[in-house]
Amino acid sequence: MVVGIIRPRLEETFELIRDRLDAAGLSQEMGRRVVLTGGASQLVGARELAARVLDRQVRLGRPHPVRGLPETAQGPAFAAPLGLLTWCAGEGRPLLDLLPGLERPPGVFRRIVNWLRDRA
């Protein structure tokens with residue numbers, strides 16, 4: 001009974017995405033691949049349904065591993081919040097550590113790399 005409710009809503013969502021991409025003229029420009037994120041992307045058959053409706057290759061997106069974050073919070077359902085944390089970490093640099101105080105002082109090589117990165 002639940003599948004009979006959820007499946008049509010997922011299909012409708014993917015159809016809306018397809019139609020909006022077509023209307024914006026982005027359908028051809030976006031390439032042949034789609035990455036699904038979020039909790040609903042983990043539903044059984046969601047990837048296959050998206051591939052059929054969007055006529056593209058579809059994969060599940062997973063965030064980069066973050067030290068200090070429980071493994072249960074590193075799946076596709078947390079890709080958006082972790083992406084926002086990464087972005088908020090500053091200047092597009094990836095956030096790879098949530099445990100404060102564990103960072104070693106940078107060596108000479110690391111300071112040079114950081115200096116060059118700041119000026120790029």
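Reader: Why is D19 called partly exposed?

Author: In this predicted model, D19 has a relative accessible area of 40%. Buried would require under 20% and exposed over 50%, so D19 is partly exposed.

Reader: What makes D19 and R18 a salt bridge?

Author: The closest N and O atoms of D19 and R18 are 3.5 Å apart. The cut-off is 4 Å between a side-chain nitrogen of Lys or Arg and a carboxyl oxygen of Asp or Glu, so the pair counts as a salt bridge. R18 has a relative accessible area of 29% and is therefore partly exposed.

Reader: How many salt bridges does the whole structure hold?

Author: The search finds 4 salt bridges. Another one of them joins E12 to R9, with the closest N and O atoms 3.0 Å apart.

Reader: Why are E12 and R9 separated by about one helical turn?

Author: E12 and R9 are about one turn apart because they stand 3 residues apart in helix α1, which covers residues 2–23. Relative accessibility is 37% for E12 and 47% for R9. Both values lie between 20% and 50%, so each residue counts as partly exposed.

Reader: What makes the pair of R52 and E11 a tie between distant parts of the sequence?

Author: R52 and E11 form a salt bridge, their closest N and O atoms being 3.6 Å apart. R52 belongs to helix α2 and E11 to helix α1, so the pair ties together parts that are 41 residues apart in sequence. R52, at 49% relative accessibility, still counts as partly exposed because exposed begins over 50%. E11, at 23%, is also partly exposed, since buried means under 20%.

Reader: How do you know which side chains of β1 are buried?

Author: The side chains alternate along the strand. V34 and L36 point to one face and are buried, whereas R33 and V35 point to the other face and are not. Across the chain of 120 residues, 19% count as buried.

Reader: Why are β1 and β2 said to pair?

Author: Two bridges are the minimum for pairing, and β1 and β2 share 4, so they pair; the sense is parallel. One of the partnerships links V35 with R59 in β2.

Reader: Which elements make the right-handed β-α-β unit?

Author: The unit is made by β1, α2 and β2. Along the sequence the chain follows the pattern α-β-α-β-α-α, with 4 helices and 2 strands.

Reader: What makes the nonpolar surface patch, and why can L43 belong to a patch?

Author: The patch, of about 520 Å², is made by M1, V2, I5, I6 and L43. L43 sits in the loop between β1 and α2. Its relative accessibility is 35%, so it counts as partly exposed, and this value passes the cut-off of over 30% that patch residues need.

Reader: Why does P65 count as exposed?

Author: The relative accessibility of P65 is 61%, and exposed means over 50%, so P65 counts as exposed. P65 is found in the loop between β2 and α3. Its C-alpha atom is separated by 9.4 Å from that of G75, 10 residues apart along the chain.

Reader: Where in the chain is confidence lowest, and where is it highest?

Author: Confidence is lowest in helix α4 (residues 108–119), at a mean of 75, and highest in helix α2 (residues 46–54), at 94. The chain averages a pLDDT of 80, and 84% of the residues score at least 70.

Terms used: Residues numbered from 1 in each chain as written. Heavy atoms only, no water. pLDDT = per-residue confidence, 0-100. Patch = residues over 30% accessible without salt bridge, like charges linked within 9 Å, V, L, I, M, F, W, Y side chains within 5 Å. Areas by Shrake-Rupley, 256 points an atom, 1.4 Å probe, with all protein chains shown as cover. Buried < 20%, exposed > 50% of the residue type's maximum accessible area, 1.4 Å probe, protein only. Right-handed = clockwise from strand over helix to strand, strands pointing away.
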